[in-house]
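I open this notebook to record what I looked up in one protein chain. The entries run from the overall fold to single residues.

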Amino acid sequence: MAFAIIETGGKQYRTEAGKTITIEKLPDVEEGQSVVFDKVLLTDDGAKTTIGAPYIAGASVKGEVSESGRSRKVEVVKYKAKSRYFKLRGHRQPFMKVKITGGF
């Protein structure tokens, strides 16, 4: 079972053909479009492991954007007792679901 570890959005993801990963939203990419990740850190085909320094030259992983949206709301509360200080802020992080089609 071949897999690769890619870097996107400042995070690392383990990818395999046919799997879907949830990543940070990519600019200028819409649903249904294909995307190529060229920052491949490691590949493994079961017999041979290749490690990049920091990236593997010429390696890439291909995928197709299947969904984009925003995750659940995270609420940040700041509160100080007895001083009438209360702040409530919410944030919804945008994401993309990418189905890995091949590469390595």
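The entries below follow the order in which I consulted the model.

**Entry 1. Model and fold.** I note at the outset that the model is predicted. I looked up the secondary structure and found 10 strands and zero helices in the protein chain. Read along the sequence, the pattern is β-β-β-β-β-β-β-β-β-β. I then checked the radius of gyration: it is 19 Å, well over the 13 Å that the globule rule gives for 104 residues, so the protein chain is more spread out than a compact globule. The C-alpha trace spans about 65 × 30 × 25 Å along its principal axes.

**Entry 2. Burial and contacts overall.** I asked what share of the protein chain counts as buried. The figure is 29% of the 104 residues. Among contacts with a separation of 6 or more, 60% join residues that are 24 or more positions apart.

**Entry 3. Surface and charge.** I recorded an exposed area of about 7,400 Å² for the protein chain, with carbon and sulfur atoms supplying 49% of it. I also recorded 19 positive and 12 negative side chains. The centres of these two sets lie 15 Å apart.

**Entry 4. The largest nonpolar core.** Which residues touch the most other members of the largest nonpolar core? I found Ile23, Phe37 and Val98, in a core of 17 residues. The elements that give two or more residues to this core are β1 (3-8), β3 (20-24), β4 (34-37), β7 (61-70) and β10 (94-103). Strand β10 gives the most, with three residues. I followed Ile23 further, leaving aside its neighbours within four places in sequence. Ile23 is in contact with Thr8, Tyr13, Phe37, Phe95, Met96 and Val98. Two of these partners, Phe37 and Val98, were named above alongside Ile23.

**Entry 5. Two threonines.** I looked up Thr15 in strand β2 (residues 11-15). Is Thr15 buried or exposed? Its relative accessible area is 0%, under the 20% limit, so Thr15 counts as buried. Beyond its neighbours within four places in sequence, Thr15 is in contact with Phe3, Ala4, Ile6, Ile21, Val61, Ile100 and Phe104.

I turned next to Thr43, which lies in strand β5 (residues 40-44). Thr43 is buried because its relative accessible area is 12%, under the 20% limit. With neighbours within four places again left aside, the contacts of Thr43 are Phe3, Ala4, Lys48, Thr49, Thr50, Ile56 and Phe104. I note that Phe3, Ala4 and Phe104 appear in the lists of both Thr15 and Thr43.

**Entry 6. Gly102.** I found Gly102 in strand β10. Gly102 has 15% relative accessibility and therefore counts as buried. Outside its neighbours within four places in sequence, Gly102 is in contact with Val61 and Lys62. I also looked up its separation from Leu26: the two are 76 residues apart in sequence and 19 Å apart in space, C-alpha to C-alpha.

**Entry 7. Lys11.** I located Lys11 in strand β2, the strand in which Thr15 is also found. How does Lys11 count at 38% relative accessibility? Lys11 counts as partly exposed, because 38% falls between the 20% and 50% limits. Leaving aside neighbours within four places in sequence, I recorded contacts of Lys11 with Ile6 and Glu24. Lys11 and Ile23 are 12 residues apart in sequence, and their C-alpha atoms are 8.4 Å apart in space.

Technical notes. Residues are numbered from 1 along each chain as its sequence is written. This is a predicted model: local features need pLDDT of at least 70, side-chain atom pairs count only at pLDDT 80 or more; totals for chains, interfaces and linings use all residues. Side-chain values use heavy atoms; hydrogens and water are left out. Helices (H or I, at least four residues) and strands (E, at least two) are DSSP runs, numbered from the N terminus. The radius of gyration is taken over C-alpha atoms; the globule rule is 2.2 Å times the number of residues to the power 0.38. Buried means under 20% relative accessible area, exposed over 50%, partly exposed in between (1.4 Å probe, protein chains only). Contact means heavy atoms within 4.5 Å. Accessible areas come from the Shrake-Rupley method with a 1.4 Å probe; for residues, only the protein chains shown count as cover. Lys and Arg count as positive and Asp and Glu as negative; His and the chain ends are not counted. The place of a charge is taken as NZ of Lys, CZ of Arg, CG of Asp or CD of Glu. A nonpolar core is a set of buried Ala, Val, Leu, Ile, Met, Phe, Trp, Tyr and Cys residues joined through side-chain atoms within 4.5 Å.
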